[in-house]
Amino acid sequence: MPMHQVRAPQRGASERLVRHLLTVAVLGILGGVAGQALAQDAAAKPDAAQDGEAVTRLDTVTVTGQRAALDKAVSVKQMEDHVVEVISADNMGQMPNVTVAEALARLPGVTASLDRGNASLATVRGLGPRMTMGTVNGREIASSEPDRAVRWEIFPTEIVSTVKVYKTPSADLIAGGIAATVDIATIDPLTYTGPRFVASAGPVFYDQGKDVDGYSPWGSRFGASWVHKINDDLAIAIGATYQKQKNANALIGSWGYTDDASAVDVDGDGTRDYTPWGAADQLKLIDQTRTGAMAALQWRSGNFELKADALYSRVRIDEDQSQTWYRNWDDSIWSWWNPYGQPGSSIHMIDHSVVGGTLINSQWGTPLEMDQVLAKYSEVKTLTAGGLNGKWTGEVWTLGADLSASEAKRENRWRSVQFGLNPDSVSFDFAPGHAPWISASSATPAWGIAGSDEPQALHDRIAALALDASRPLDGAFNRLSFGARVSDRVKRNRHELANYSDYNQPISAYADLIHPLDIPGLNVPPVYAGNVDDIAERGFGGFAPSALAEQMLDHWKVQERVKEAFAKANFSSNWLGVDVTGNVGVRVVGTHTRSDGYDTVDGNTYAPSSASKDYTDVLPSATVNFLIADDKILRLSAAKVVARPPLDELRTGRYLDNPATVSGQLTGSGGNPRLDPFRATQLDLSYEWYFHKEALAAVAVYRKWVDSSIGYKTEHETIDGRDYLISGPFNGGGGYIDGVELTFQTPFWFIPGMENFGIYSNLSLVDSNLHEFSPANNPLPLSGLARRTGSADLWYSNGKLEARAGYSYHSPYSTAYGWNASHLVRLDSMGTWDASLGWQFNPRWAMKLQVSNLTNEAMRAYTDNLPYRLANMDDGGYQLFGRRFSLEATFRF
C-alpha cells in the first residue's frame, strides 16, 4: 500500500456529520452510565507509557488491553492488500479470549460450533469447516480430524501473536480454502517491541458441574512467554501454556426417526406416522488438560535472515460418562407391538411426527427397555508444526525458501459397561420451545451386564518446501513475485472394537460399585456412575486387548501430493485522480491422491483396495484497491478458488452385498477416492471507512459461484456388471452464495467525556440456493450456511479499568456435529452473552475476570431438517454447558 495511507485521517465535513449522527444514536444508550464514566475519568491520572509495554497513545488517552488489540487490528486491516479480518494480541500472550476459536467467532461472517462448551470448528461466509484452509505462519497444518477441518481451540492464545482471516485469495497464498484462509502467526523476535516477559495464571470455574456429588468444577490456567534480543541481529522467543478444564456436560437426544420405508400408521387415522427409535441422555464429567509451547529463533546477517520456529499443542480429555439408553420406542414395520396403543398410553404429534407421549410396556413382543451405561472416554490429540525460513535481500532480487513440517495425532478410546431394566412406563416430550424431558416408572438397574471397548487412532503429517522470488519493477506494475511449492500429506486411520455380552450376574453383585447421579439442568431419571474398569473386571474379567477385532473398513490411508506454482504482479497507479493499488496473479495447482483400504462383499473377508486420481486447477486472482481518500478504501477482488475433498471421504473401503446370498436390489456403502474438489468463482466488493483513530465502518458484499460440491447420498453404480445402490460421498451440482458483511467499531470520541467508551459490532447476511443431498425429500441447506450471524461488544477502557459486555448470535445452520460427515443435523439459532472486567494495577500487574455464556444458553440440534425432531445425542441433541468463569493475574516486564 502507498505510504500516504499511514497519515492521520483528515477531520473535515464528513467527520462532523458522522459526529452528529453517532452522538444521537449513542447518547440514548449510554446516558445512564455517562455520569459514572465522567467521575472515573476525572479521578484517573494520565499514565505515561512504560518502558517495554506495548501501548497506543491517542491524544491524552493511553490505550492498553483489548482496546489496543482492536486498534492494532484496524491498522493491519487498513494496510492489507486483501479483504481480511485481523485478531491482534494487545501484548504477546494476552489475547482477549481463551482460545483462538473464541476470538474467531467474533469476526464478521464467522461462526464457531461448540464442543464440550468451547468454541471449536469455524464456519466462514456460509461454508463449513472442511472448506477453510488452516495455516500457521503461512504453512499448511495437519489436523486431528478425519477430514481437513482444524479445531481452533487447540491453539491457546498465549502462544499466538496475530490471526488473519483472508476472505479473498491471492496467488501467493496456499490454495485450498473456498471459504477463507485462516493464518495463525507467532511472533518475530527481532521485530517484537512489547514486554520481554509476560506471565498469567488463575482459576477457571464451570458452574454446570457445581451440583454433581463428588465432582469439582474448578480448573486452572497458566501461561508465560519470554523474548530476548541477544543483539540487534539475534533474538529468541519462548512461550508455554497450561490449562485444566473441569466441566459437566448435560445431554439428551433421540435415536432418530422411522422413515418412509419403515413408518406405519400409529394413531389409526390412515396416514403414516413417524416415531423415534428411542432416546438417550447423558452426564459427562470432563477433565480436559491442554498444554502448549512455541519457540522461535531469528538471526540476521547482512542481507540474509533466517528464522526457525516451532509450535506444539497437546489436549488430553478424560470423561466419566453416565448414560441412559431408552430402547424400543418405535412403532414400525419391525415392531411386535405399538407402545403408543396400550391402555394408559398417550401420544403428542407434530405433522405426523411423534414428539412426546407416554409409552406403556407390553407383556408380549419386544418390551420397553432402559440400559444404564457407564463409560470412560479418553482422547489425546497433539499438533506439532514448525519450519525453517530463509530470506536473502539483494539490490534487485529478494529470494526466499521455506521448509516446513506438521504432524497431528489423535488416540481415543471408549470403554463401557451397561445394565438393563424393563420399566412399566416411559413418558417424554421433545417438542421445541422448551427443554426436552423424560420420565420413567423406574431407573434402577435390574439385570445383566455387557461391555464394549473401542480404541481408534488417526495420524496426519505434512511436509512441504516452498521457494519464491520477487523484484521491483519500473512503471505501473511495481513488483513481480513468483514461486513454487511441493507438499506431501499422508493421513491414516485405525479402528478396533471388542464387545462383551451375556454376563448376567444378579445386579446385587455390583451394588458396591455403582451409585445414582442426577443430571443437573435436565428433567430425566437418574443415571448411574462407578469405576468402569472395576465393574468390567468383576463382570467379565476386564477389557482384554486380545479381544479387540480390527474394523477393516475403517483402516485406511490417503496420500496427497501437491505441486503448485504462482506468479503475481503488484501495481500502483492513478486513475482519474484516484490512487489505485492491487495485484494480479495466477496459481497453478496439480494434485495427486492415492487411497488404500479394504473392501468386503460379505463382512467377513476383506481384500486390499487402492485407487488414485490426478487433477490440475488454474486459479487466477486479482484485487484492485481504490484509495478514495486517506481514510476510505474501495476494494474489488475476483478469483477462482478450490478446496480439495475431505481426506476421509477419499478413502477406499466399501461394504457390498454378496450377490450370491442377496436377492433383489444390491446395496453398498463406503468412501469415494475419485471425488473432484469443491470449485468456485468468487467476486468481492468491500468499502472501508477509517473515519477516526480506532474506528472503522465497513461493508463487504460478495458472490460465490460454486461449480461443484460434495455431499452424502445414494446413487446407482455398476460394479462387476451388477447394479448396486451405493451410499457415500458424491459430487453434486453447483449454485451460488451471496453475502453482505457490515462492521462498525469506534470509541465514542464524538460525545464529550465519553471517549473511553466504545463499540465493536458486525452483522453478516447470507443467501444461497445450495443444499446438501439429504434428506432426499427435504434437503438441508448447505453445511455451515447460517443466514444471519453477528456480534456486538460494548466496552470501556481508561488505561486502568477495562470492561466489556458482548453478545453473539447465529441463526440455524447445518453441520456434522461428530466425525461422521453423513450425520448432518441442523443447529438451532443461539445467542450468548459474555463479559469481562480488567484492572491494570501498575505497569507490571493486571487482573482480568471473564464470564462466558452468562445466561446459560442451551444448544439444540434437530434432524431430518424438521425443527420438531430432536437430533441424536451424539449428533448434538440438546446440551447444557453452563457458564465459564475465569480469573487471571498477569505480570509483565
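**Exercise 1. The chain as a whole**

In this predicted model, residues 24 or more positions apart account for 73% of the contacts in the chain with a separation of 6 or more. Work out whether the radius of gyration of the chain agrees with that of a compact globule, and describe the extent and the burial of the chain.

*Solution.* Begin with the expected value: for 893 residues, a compact globule would have a radius of gyration near 29 Å. Next, take the value of the chain, which is 29 Å, and so the two agree. For the extent, the C-alpha atoms fill a box of roughly 85 × 70 × 55 Å along the principal axes. Finally, turn to burial, where 57% of the 893 residues count as buried, while the accessible surface comes to about 34,700 Å², with 56% of that surface belonging to carbon and sulfur atoms.

**Exercise 2. A sheet and its edges**

The secondary structure of the chain comes to 4 helices and 45 strands; consider the open sheet of 5 strands with the order β3-β8-β9-β6-β7. Explain why one side of β3 and one side of β7 are left without a neighbour in the sheet.

*Solution.* First, read the order of the strands, in which the pairing is mixed. The strands β3 (84-88) and β7 (139-140) stand at the edges, each with a single partner strand, so one side of each has no neighbour in the sheet. Then look at the pairing of β3 with β8 (residues 162-166), which is antiparallel and runs over 5 bridges; within it, Glu 85 has Val 165 in β8 as its bridge partner.

**Exercise 3. One residue of the sheet**

Decide whether Ala 180 is buried or exposed, and state which residues it touches beyond its neighbours within four places in sequence.

*Solution.* Start by placing Ala 180 in strand β9 (residues 180-185). The relative accessibility of Ala 180 is 1%, and because buried means under 20%, Ala 180 counts as buried. Leaving aside neighbours within four places in sequence, Ala 180 is in contact with Val 124, Met 131, Thr 132, Met 133, Val 165, Tyr 166 and Lys 167.

**Exercise 4. Following β33**

Find which strands pair with β33 among β32, β34 and β35, and in which sense they do so.

*Solution.* Take β32 (residues 678-689) to begin with: 11 bridges join it to β33 (residues 696-719), and the two run antiparallel, with Tyr 687 opposite Val 699 in β33. Between these strands the hairpin has 6 residues, and there Glu 694 takes a positive phi near 70 degrees. Continue with β34 (residues 722-732), which pairs with β33 in the antiparallel sense over 11 bridges; Glu 715 stands opposite Ile 726 in β34. The hairpin of β33 and β34 has 2 residues between the strands, and Asp 720 takes a positive phi near 55 degrees in that hairpin. Lastly, β35 (residues 735-747) pairs with β33, again antiparallel and over 11 bridges, and Ala 697 faces Phe 744 in β35.

**Exercise 5. Backbone angles in loops**

Most residues other than glycine have a negative phi, and most peptide bonds are trans. Locate Asn 137, His 352 and Pro 775 in their loops, and describe the backbone at each.

*Solution.* Asn 137, in the loop between β6 (132-136) and β7, has a positive phi of about 55 degrees and is partly exposed at 22% relative accessibility. His 352, in the loop between β15 (346-350) and β16 (353-360), has a phi near 70 degrees and is partly exposed with a relative accessible area of 28%. Pro 775 lies in the loop between β36 (757-768) and β37 (788-797), and the peptide bond from Ser 774 to Pro 775 is cis, with omega near -10 degrees.

Technical notes: Residues are numbered from 1 along each chain as its sequence is written. This is a predicted model: local features need pLDDT of at least 70, side-chain atom pairs count only at pLDDT 80 or more; totals for chains, interfaces and linings use all residues. Side-chain values use heavy atoms; hydrogens and water are left out. Two strands pair if DSSP finds at least two bridges between them. The radius of gyration is taken over C-alpha atoms; the globule rule is 2.2 Å times the number of residues to the power 0.38. Buried means under 20% relative accessible area, exposed over 50%, partly exposed in between (1.4 Å probe, protein chains only). Contact means heavy atoms within 4.5 Å. Accessible areas come from the Shrake-Rupley method with a 1.4 Å probe; for residues, only the protein chains shown count as cover.
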